[in-house]
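Please consider the following protein chain, shown with its sequence. The paragraphs after it begin with one residue and then widen the view.

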Amino acid sequence: FVAVAMLPPAGVDYDLRIHTPGWNPTNGFRSSLMATYWGPGSSEYILVDFTEARAYQFDAGVIKDSGSEDYILQNAIPTQLVFEEGVARYGPFTLAENEILALHEVDMPRGGFYVTLENVRASVDLGISFHTAGERYQRKSSAQAAAWSAPAGENEQIYVNEYNTDRQCIVVWKRDASADLPGVEYYLNFGHA
């Protein structure tokens, strides 16, 4: 997996797209492969599964809906999370200042699990998403499970009923640009359902 993420400032609405790569600046935004539209001030990301995607290079485009301020753009590759039977808590993991998201590639066994994102920093509002392999391009809204409604500094929890023996990707993301995007520490807790 690899991801591209974008975060506008509060009240600004930009959208994110990935495109077939062009050969020069005049044709850099060719056919759109995936787009995401989350609304003003919200982080957005597109996840690429390289076992399915035919291309290994993409152009990213940020499209203005409203506003004219600067934004943050980030590319991310996953850390491998080795799932161990009987181990519930993994981490600590860190999202650095001005990073938008972190990817964790894991091969979970079949069955039902609660995955809790344990937020250690009270001033940052985090979300968690769960994606399975097998689709070339996925956006935040196409996750199999996601949670982001708890207040800043609170934990988020998702339920996953995993039928797939392939690898999965857990994405931890900052919801918005609140608190000047300080660094944050978090843990991932797995519990059988």
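In this predicted model, Asp49 has a relative accessibility of 1% and therefore counts as buried, since the limit for that class is under 20%. The side chain of Asp49 meets that of Arg167 in a salt bridge, with a distance of 3.2 Å from N to O. This contact joins distant parts of the chain: Asp49 belongs to the loop between strand S4 (44-48) and strand S5 (59-66), while Arg167 belongs to the loop between strand S14 (156-162) and strand S15 (168-174), and the two residues are 118 residues apart.

Arg167 also takes part in a salt bridge with Glu105, at 3.9 Å from N to O. Here again distant parts of the chain are linked, for Glu105 sits in strand S9 (residues 101-106), 62 residues apart from Arg167 in the loop between S14 and S15. Both Arg167 and Glu105 are buried. Taken together, Asp49, Glu105 and Arg167 are linked in a network of salt bridges. As a general matter, side chains of opposite charge can pair when their charged atoms come close.

Which residue forms a salt bridge with Asp125? The partner is Arg175, and the closest N and O atoms of the pair are 3.1 Å apart. Asp125 lies in the loop between strand S10 (111-119) and S11, whereas Arg175 lies in the loop between S15 and strand S16 (184-192); these distant parts of the chain are linked by a pair 50 residues apart. The two partners fall into separate classes of exposure: Asp125, at 10% relative accessibility, counts as buried, and Arg175, at 27%, counts as partly exposed. The salt bridges number 4 in total.

Attention now turns to the surface. Glu52, Asp107, Glu135 and Asp166 form a negative surface patch. One of these residues, Glu135, is found in the loop between strand S11 (126-132) and strand S12 (137-139). With a relative accessible area of 38%, Glu135 is partly exposed.

The chain as a whole may be described last. It contains 16 strands and 0 helices. Of its 193 residues, 48% count as buried. The C-alpha trace spans about 55 × 40 × 20 Å along its principal axes. A compact globule of 193 residues would have a radius of gyration near 16 Å, and the 17 Å of this chain agrees with that value.

Definitions and conventions: Residues are numbered from 1 along each chain as its sequence is written. This is a predicted model: local features need pLDDT of at least 70, side-chain atom pairs count only at pLDDT 80 or more; totals for chains, interfaces and linings use all residues. Side-chain values use heavy atoms; hydrogens and water are left out. Patches are made of residues with over 30% relative accessible area and no salt bridge: like charges are joined within 9 Å, nonpolar side chains (Val, Leu, Ile, Met, Phe, Trp, Tyr) within 5 Å. Accessible areas come from the Shrake-Rupley method with a 1.4 Å probe; for residues, only the protein chains shown count as cover. Lys and Arg count as positive and Asp and Glu as negative; His and the chain ends are not counted. The place of a charge is taken as NZ of Lys, CZ of Arg, CG of Asp or CD of Glu. Helices (H or I, at least four residues) and strands (E, at least two) are DSSP runs, numbered from the N terminus. Buried means under 20% relative accessible area, exposed over 50%, partly exposed in between (1.4 Å probe, protein chains only). The radius of gyration is taken over C-alpha atoms; the globule rule is 2.2 Å times the number of residues to the power 0.38.
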